[in-house]
Every structure is written in C-alpha cells, then in structure tokens.
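Here are my notes on the model, set out as numbered points. Please read them with the structure open.

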2 protein chains.
Amino acid sequence: MEDRSIRILDLKKTILEDNDADADLLRSELKKDKTFYLNLMSSPGSGKTTTLKATIAGLRDSLRIGVMEADIDSDVDAKAIAALGIKSIQVHTGGMCHLDADMSRQGLRAIGTDDLDLVILENVGNLVCPAEFDTGACKNAVILSIPEGDDKPLKYPLMFEKADVVLVNKIDALPVFDFDLEKFRENVRLRNACCPVFPISAATGEGVDAWCAWLLQEVRTFLE
Amino acid sequence: MEDRSIRILDLKKTILEDNDADADLLRSELKKDKTFYLNLMSSPGSGKTTTLKATIAGLRDSLRIGVMEADIDSDVDAKAIAALGIKSIQVHTGGMCHLDADMSRQGLRAIGTDDLDLVILENVGNLVCPAEFDTGACKNAVILSIPEGDDKPLKYPLMFEKADVVLVNKIDALPVFDFDLEKFRENVRLRNACCPVFPISAATGEGVDAWCAWLLQEVRTFLE
C-alpha cells in the first residue's frame, strides 16, 4: 500500500507532563518562526481532505502552505495533497486518537517551517479526543458536514467549545438531508457564543472564498 | 436541556486493570442472564439512532429489546428511543470517548436485564477509541454511512478489524456521493476477511430486513 514518494513520520509518544504549557511554548516558537499553524478537526468523512484542497487552491497564491496529514495508519490523504505539489508530510500516531503539542512539534520539525507561512494539520478524524489536547495550533477549525446532523454541537460539546471557527461542509447536499442551518448555528452558539460559522461546499467551491478570506486575515494578523 | 422523563446514569470511571478479562466475565454473565448485548459503533452522524429505531421496528415483535444510549453529554438520542416506548437508559461517560466492560455492566445493571433478550448499546460516536475497549458485548456492529467515503476501513483499521458486522447506511444517498460499494467491500475484507456487510437505508427501510434477520439469528443462537 505504501507509496515511497510520501514521507511518513512515526510520531513518538509524548513524555511531557504539562501539555498545555508545551502548547503555549510551541505557539511562541511558531510566532518567532513566522509560521501560522492551523488544526483542522472533524469526524471521519466530513470532508477534511477536500476542504484542505479547496483551501490550498484559494490561498496558494497568497501564502506558502504546508500540510501535515495525521492518521492512525494509511497515507491516502497525503497522496492527494502531494499530488497538488504542496510540501507535505504524513504523520502516523501509532494508534493514538489525537495529537498533542509535542507530536505537533515533531511533525513541524520534520516538514521544516522556514519556508512556510501556514501549516495545516489534518488531525485524526474524531470529534471527541482531539479536542482534549491542545496541539499548540494558532487556531482550531472544526468541520461538520450536512449528513452528520445539526445536533452535533450538543453531543460533542468540547469540540465546539474549542473551535475558533466552524465550517459546515457539503451544503450542496442540503436538499437531501434533514439539516437546519439556523438550528445548527444556534447549537454552536450554545457552546461558543462568538464562533464564526462558514457554510461551504468544498466539492463545488460554494462559500470557500469567505472561509479563505477569514483564514488569510488570521494568518496575516499573526505574522505581523 | 434535561428532560426528567429520561433516566440518566453518570458512569463511574473503571478501576479494573484487566478490561479484557472483565469483558469475558461480562459475556459469561450475559449468557447466564440470557441477554444478548450488541455494541453499535460509528462516527458521529452516520445514523446510529435512526438505524436503532429501524432495528427496533424490525425486531420488537420477536425480541424484548432495551437500549443504552451512551453520550458524553446530552440526552438527544435517549428521548428519541424513549418515544418508541422501549426500555432505555442514557449513560453519560463524563467526557470519556468510549465505554469499557465495567461501564457496560453499570449501565446493564441500571437498566435491568431480567426482562430483556437484547440490549443495544449506542456507543459514543467515534471511529477510533471505542474499538480499543472490549465492552463485553456479544457482537460489535459498525455503521459507516455513504457520505463518509469508501476508504474508511483503510483509515480506521482497528474499528473494522473488531467489527462482527458492518452496516453501510444512507444508501439512498448513493447517487449524490462518490462512494463505490464494491470498493468498500474490498476495503472491509482487507481488514476483516469474513465480516458480513449489509447495505441499508435506515431512513427508507431498504435492506433493514436482511440486517434484522442476521441479528435475530445471532441472538437466538446465543440465547439457546
């Protein structure tokens, strides 16, 4: 299954006691390095990789972008990203359901951030555990797709509390599924009053411009 | 948010060292009690609750069914099940991303299994962690829905290795998504050579009869 053109890093388990402090340290290192680190989280199958591809297309003329694909196993997504000619690395968590700050740092060192303005982590597909561990990212983005249902902020509260931005993906499928976008916005607000919500279709491109504009602004503010 | 008509149990964290041994013990207790315990796992939003409702409709004339709804928080699903007049309980994991055997036992004791042939656990929506902990269930069922993509057995290998049966839900959405059912079957077989795969639409009822017939046979064999 393995494609040798994809660089694969097996992450070492973190031995640090205080991940929160380490995450703050990583953010200060990133600030110094002038690299914005975005943590992209979602369930399996909500369209992280397609959203990543659409985001790269929207921002590659403005920013130097790198991608860390995290997976328990496989390099399915890394192949898709490498095909775009984007600097990328596949990190394997060795069965772990999340990344923490030190695992992030291992990946960032391996990819090399000197020539990158923005590194996007495609975290392990999981709406639960990744929210419990600060990766040291500058911002956390959560994708929820239409087929998953508008009640998910009630059922996975921590993920939506930790989000700095929420993308509602697959809005082209709205006619097929019983998903109330206004109800979803209300449910997000119950957890996270000021979190912006961008409805998008990564597949058709609808709404992607607004999301890319938001992200570009965040990156520029951080890099200043 | 809380509806007092729903019984909610806050699970205690397990202190047992050897969950695998405890899971085997729970299975022997269940065999003696003549109660079949089914562990239903999937991502958030793949249709666990809708599948549960369709399964109850298909089997309630043949079996006495109870339901344990596991959630980190909320009682959204328990309300839906209670509305069917089915014996049910909401168990809260207190932030934990999975249930183990002792947490299962706490829930089974609270619901009371004397008058039940089949208890279905709707596990926490998560394709990663629940697969790592044997709940003591007689069988593990995994639901994967069409919008999630046919590559998921490659990306979440342990979940598909632990499955005794796989349901492919939302097949009514096949025309809208790029999902190859044969490719998916192949990907399941790579992880789990003999695992039966049932394509269903819990919403329209398509394929539900075959799944219910399989489950009824498993329950009857266990109860004999």
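**Notes on chain A and its contact with chain B**

1. Start with charge. Chain A carries 26 positive and 38 negative charges, and their mean positions lie 2 Å apart. Bear in mind that this is a predicted model.

2. Next, the fold elements and overall dimensions. Chain A has 8 helices and 8 strands. Its radius of gyration is 16 Å, close to the 17 Å that the globule rule gives for 224 residues, so chain A is as compact as a globular protein of that length. Along the principal axes, the C-alpha atoms of chain A fill a box of roughly 45 × 40 × 35 Å.

3. Now the interior. Of the 224 residues in chain A, 60% are buried. Take the contacts in chain A with a separation of 6 or more: 77% of them join residues 24 or more positions apart.

4. On to the surface. Chain A has an accessible surface of about 9,100 Å². Carbon and sulfur atoms account for 49% of that surface.

5. How many residues does each chain bring to the contact? Chain A gives 33 residues, and chain B gives 33 residues. Between them the two chains bury about 2,400 Å². Of this buried area, 63% is on carbon and sulfur atoms.

6. Which three residues of chain B supply more of its buried area against chain A than any other three? They are B:P44, B:K155 and B:Y156. Together they supply 22% of the area that chain B buries there.

Key. Residues are numbered from 1 along each chain as its sequence is written. Chains are lettered from A and ligands numbered from 1 in the order in which they are written. This is a predicted model: local features need pLDDT of at least 70, side-chain atom pairs count only at pLDDT 80 or more; totals for chains, interfaces and linings use all residues. Side-chain values use heavy atoms; hydrogens and water are left out. Helices (H or I, at least four residues) and strands (E, at least two) are DSSP runs, numbered from the N terminus. The radius of gyration is taken over C-alpha atoms; the globule rule is 2.2 Å times the number of residues to the power 0.38. Buried means under 20% relative accessible area, exposed over 50%, partly exposed in between (1.4 Å probe, protein chains only). Contact means heavy atoms within 4.5 Å. Accessible areas come from the Shrake-Rupley method with a 1.4 Å probe; for residues, only the protein chains shown count as cover. Lys and Arg count as positive and Asp and Glu as negative; His and the chain ends are not counted. The place of a charge is taken as NZ of Lys, CZ of Arg, CG of Asp or CD of Glu. Buried area is the accessible area (1.4 Å probe) that two parts lose on being put together, summed over both.
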